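Subject: Structure handover

Hello,

Here is the structure for you to load. My notes on it follow below.

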Amino acid sequence: MDRIRVLFLSPVPNFKGGAERSLMDLVTSPHIEPFLAVPAEGPLSRRADELGVPWDLINFDGISSVQRPFRLGDGVKALGSLMRAARELNGVARKRNVALVHSNGLKAHAIALAAKRIGGRPAVIHIRDIANTKLEKTVWKAFQLAADRTILVSRACASAARLPAKVHVVHNGLRSAHEDPNLTAKDDLVLGFTAGRIHPAKGLHFLLEGLAKARALGCRVRLIVRGAYAEETPAYQGQIKSAIAALELSDVITFENFVADPDRVYDDIDIVCVPSTMPDPFPRSVMEAMGRGLVVIATPCGGIPEMIIDGKTGFLVSDPSLFATTVLRLQDDPALRRSIGKEARSYSLSHFGLDRLHEEVRNVYQLAMHHS
């Protein structure tokens, strides 16, 4: 079977988060011949060079200024830039002779759909966000109607109870299997917060409260924080520092900033904590930690319950007190920690494998081409 020529459109030139890492996972599919379009040179284009993937520049211009939460006026102002970018995209698609465009991000979706409207290639949009406002939900639905196919990274990203026929849930995939970790009994357990971006929605403040309660119960635990504070919430760093001081946790927390290498993110960590306080579509930190056989304790919001079977492949906790008692239970029962880790690894590799991702996305591409 001939490989499908696919042009991936990214709204950012760098690895802003899990969405870009997932994009590069898709680029490696053996079922496609990939091409990449980005707004500027950067880490994504350099990675494409390493993989031997041709890439082109698309000028996003005024579209880049549109931010969430959406304002209708911002969208109107960007219409001129949108149509210019759409024409550029069609030119690249013709030059590369691609069968379809796969957009990765809301600004990229708008360009891909505008390009399709003026005679461009079929558009597959990949939604990795959860609509929070009425306007956002309206935009999501309009995009899904206009696209040839829509991929949702989790069921939580759906804005309706029933999925439309052209909408498919395809969970992200793990790049490779990993060795089982050495889950031996230890005097101190090391918790890990590996969100990448330290943002209020990621719930570090929730985790601090839970850590303090766990210490009060007699848990011998430490916390490693690996991530960089989000630029759009400058006050949050001060809030975290104040909370650490008030809860007397400064001697048991280590901040190690952002770790780019995914194989080092989970080093020396026993339990990965994902305490999201707002719906998180499909956090990679859950999937990757499970794939490494690590126990994950997470809040039951967004797409997280689609990843963890509570009490079998990890734990879902809704408040800091339950978090604390769960940590105590894992500390006192190393055998439980080992069994949960093994179940998590087995479940992750069977449900979130990269081969499965590539196969499901190829099926979506075929539907998009045959029914556009």
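The largest cavity holds about 40 Å³ of space. Please keep in mind that this is a predicted model. The search covered the whole structure and turned up two cavities of 30 Å³ or more.

**Cavity lining**

Which residues line the largest cavity? They are Phe8, Leu26, Ser29, His31, Ile32, His358, Val361, Arg362 and Tyr365. By type, the lining divides into five nonpolar residues, three polar and one charged. Helix α12, residues 354-370, gives the most to this lining, with four residues.

**Helix α12**

The helix has 17 residues. At 1.5 Å a residue they should span 24 Å, and the end C-alpha atoms are indeed 24 Å apart. Its buried residues are Leu354, Arg356, Leu357, His358, Val361, Arg362, Val364, Tyr365 and Ala368. Among these, His358, Val361, Arg362 and Tyr365 also appear in the lining of the largest cavity.

**Helix α7**

Helix α7 covers residues 204-216, which makes 13 residues. From first C-alpha to last it reaches 18 Å, close to the 18 Å expected at 1.5 Å a residue. Which of its residues are buried? Leu204, Phe206, Leu207, Leu208, Gly210, Leu211, Ala212 and Ala214 are. The elements that cover them include the strands β8 (189-198), β9 (221-229), β10 (253-255) and β11 (271-274). The helices α8 (235-246) and α10 (320-332) are also part of that cover. After α7 comes Gly218, with a positive phi near 100°.

**Cysteines**

How many disulfides does the structure hold? Zero. A disulfide is a covalent bond between the sulfur atoms of two cysteines. For Cys219, the closest cysteine sulfur is in Cys273, 11 Å away. That is too far for a bond, because a disulfide needs the two sulfur atoms within 2.5 Å. Seen from the other side, Cys273 is in no disulfide either, and its nearest cysteine sulfur is that of Cys219. Are these two cysteines buried or exposed? Cys219 has 3% relative accessibility, so it counts as buried. Cys273 is buried too, with a relative accessible area of 2%. The cut-off for buried is under 20%.

**Positive phi outside glycine**

Most residues other than glycine have a negative phi. Two residues here are worth listing against that background.

- Glu248 is not a glycine, yet its phi is positive, about 55°. Glu248 is found in the loop between α8 and β10. Its relative accessible area is 66%, so Glu248 is exposed.
- Asp268 is also a residue other than glycine, and its phi is positive, near 65°. Asp268 lies in the loop between β10 and β11. At 62% relative accessibility, Asp268 counts as exposed.

**Arg338**

Where does Arg338 lie? It is in helix α11, residues 334-351. Arg338 counts as partly exposed, at 33% relative accessibility. Along the chain, Arg338 and Leu294 are 44 residues apart. Their C-alpha atoms are separated by 8.5 Å.

**Recap**

- Cavities of 30 Å³ or more: two.
- Main contributor to the lining of the largest cavity: helix α12.
- Disulfides: zero.
- Positive phi in a residue that is not a glycine: Glu248 and Asp268.

Best wishes

How values were computed: Residues numbered from 1 in each chain as written. Predicted model: local features only at pLDDT ≥ 70, side-chain atom pairs only at ≥ 80, totals over all residues. Heavy atoms only, no water. 1 Å grid on protein atoms, 1.4 Å probe; cavity = no way out; pocket = protein on both sides within 12 Å on 5 of 7 lines; lining within 4 Å. Points joined across faces, edges and corners; volume = space filled by probe spheres on them. Helix = DSSP H or I, 4+ residues; strand = E, 2+ residues; numbered from the N terminus. Nonpolar A, V, L, I, M, F, W, Y, C, P; charged D, E, K, R; others polar. Buried < 20%, exposed > 50% of the residue type's maximum accessible area, 1.4 Å probe, protein only. Expected span 1.5 Å × (residues − 1). Contact = heavy atoms within 4.5 Å.
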